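Trainee: Got a minute to go through this one with me?
Mentor: Yes, put it up.

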Amino acid sequence: MPDVALRGIPEQLHQDLKAAAKRSHRSLNGEILARLTASVRPQPVDAAALLERIRRRHERLGPIDLNEKRLRRLREEGRRRWRRGE
């Protein structure tokens with residue numbers, strides 16, 4: 001398998017890729033390969049299968065109470081996590 005060296009990556013992009021790799025439970029190399037593959041060979045989306053997966057997940061979760069106060073709290077929590085790089 002050929003190797004490719006990538007030079008001149010901006011520091012912020014490098015950090016963003018590392019964070020994305022961590023979230024995806026992949027190595028940095030694995031994350032880059034997954035993203036390159038997806039951009040070069042995009043997979044067609046099976047809309048029916050996707051909707052079915054969403055429906056099943058929604059059934060498992062049950063009803064969710066998202067009143068305005070709870071939405072604000074969740075949004076602020078997400079912002080704090082994003083700032084910390086989680």
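Mentor: First, a term: helices here are DSSP runs of H or I with at least four residues, and strands are runs of E with at least two, numbered from the N terminus. The model is predicted.
Trainee: OK, what pattern does the protein follow along the sequence?
Mentor: The order is α-α-α-α. The protein has four helices and zero strands.
Trainee: What's the radius of gyration, against a compact globule of 86 residues?
Mentor: The protein has 18 Å, whereas such a globule would be near 12 Å. The C-alpha trace spans about 50 × 35 × 15 Å along the principal axes.
Trainee: And how much of it is buried?
Mentor: Buried residues are 6% of the 86. The protein exposes about 8300 Å², and 56% of that comes from carbon and sulfur atoms.
Trainee: Switching to α3. How many of its residues are buried?
Mentor: Zero of its 15 residues, so α3 is hardly covered; buried means under 20% relative accessible area.
Trainee: How far apart are its end C-alpha atoms?
Mentor: They are 21 Å apart, which agrees with the 21 Å expected for 15 residues at 1.5 Å a residue.
Trainee: What comes just after α3?
Mentor: Gly 62, with a positive phi of about 75°. Leu 66 also sits in the loop between α3 (47-61) and α4 (68-84).
Trainee: Why is Leu 66 called partly exposed?
Mentor: Because its relative accessible area is 45%, and partly exposed lies between 20% and 50%. Leu 66 belongs to a nonpolar surface patch with Leu 61, Ile 64, Leu 71 and Leu 74. Together they have about 440 Å² of accessible area.

Notes: Residues are numbered from 1 along each chain as its sequence is written. This is a predicted model: local features need pLDDT of at least 70, side-chain atom pairs count only at pLDDT 80 or more; totals for chains, interfaces and linings use all residues. Side-chain values use heavy atoms; hydrogens and water are left out. Patches are made of residues with over 30% relative accessible area and no salt bridge: like charges are joined within 9 Å, nonpolar side chains (Val, Leu, Ile, Met, Phe, Trp, Tyr) within 5 Å. Accessible areas come from the Shrake-Rupley method with a 1.4 Å probe; for residues, only the protein chains shown count as cover. A salt bridge is a side-chain nitrogen of Lys or Arg within 4 Å of a carboxyl oxygen of Asp or Glu. Buried means under 20% relative accessible area, exposed over 50%, partly exposed in between (1.4 Å probe, protein chains only). The expected span of a helix is 1.5 Å times one less than its number of residues. The radius of gyration is taken over C-alpha atoms; the globule rule is 2.2 Å times the number of residues to the power 0.38.
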